[in-house]
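Work through the two exercises below with the sequence and the model at hand, and compare each step with the solution that follows it.

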Amino acid sequence: MIPRRYGPLLSGLMLSGLMSLLISGLSTFRAVGPAPGFAGLWFGAWWAAWGVAFPVVLLVAPLARRLAERLTAPP
């Protein structure tokens with residue numbers, strides 16, 4: 001089991017991985033269609049996107065949480 005203190009890091013890793021996987025897949029499909037070698041192109045695009053998305057998520061998530069707290073009514 002992973003210690004709880006790594007929760008935000010693990011959450012960012014999973015969120016950025018899934019989102020970059022979906023968006024790179026959609027973008028690759030729109031760019032080349034169901035071409036031969038699509039999976040390889042998608043994997044290359046995903047790997048590059050995840051390399052950018054993960055650190056960005058780690059930096060932006062705390063700011064987004066604070067903004068969401070300010071924009072929502074207190075309990």
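Residues are numbered from 1 along each chain as its sequence is written. The model is predicted, so local features need pLDDT of at least 70 and side-chain atom pairs count only at pLDDT 80 or more, while totals for chains, interfaces and linings use all residues.

**Exercise 1.** Describe the extent of helix H1, state which of its residues are buried, and name an element that covers them.

*Solution.* Begin with the span: H1, a DSSP run (H or I, at least four residues, numbered from the N terminus), comprises residues 7-32. Its 26 residues reach 37 Å from first C-alpha to last, close to the 38 Å expected at 1.5 Å a residue, where the expectation is 1.5 Å times one less than the number of residues. Next, Gly12, Ser16, Gly17, Ser20, Ser24, Gly25 and Thr28 are its buried residues (under 20% relative accessible area, 1.4 Å probe, protein chains only). Finally, their cover includes helix H2 (38-71).

**Exercise 2.** Determine the surroundings of serine 20 and serine 24 in H1.

*Solution.* Serine 20 is buried because its relative accessible area is 6%, and serine 24 counts as buried at 7%. For polar contacts (N or O pairs within 3.5 Å, one able to donate a hydrogen and the other to accept it; residues adjacent in sequence count only if both atoms are side-chain atoms), a polar side-chain atom of serine 20 lies 3.2 Å from the backbone oxygen of glycine 17, and the side chain of serine 24 reaches the backbone oxygen of serine 20 at 2.6 Å. Setting aside residues up to four places away in sequence, serine 24 contacts (heavy atoms within 4.5 Å) Trp42, Ala45 and Trp46, whereas serine 20 touches Trp46, Ala49, Trp50 and Ala53.

Key:
Heavy atoms only, no water. Helix = DSSP H or I, 4+ residues; strand = E, 2+ residues; numbered from the N terminus. Buried < 20%, exposed > 50% of the residue type's maximum accessible area, 1.4 Å probe, protein only.
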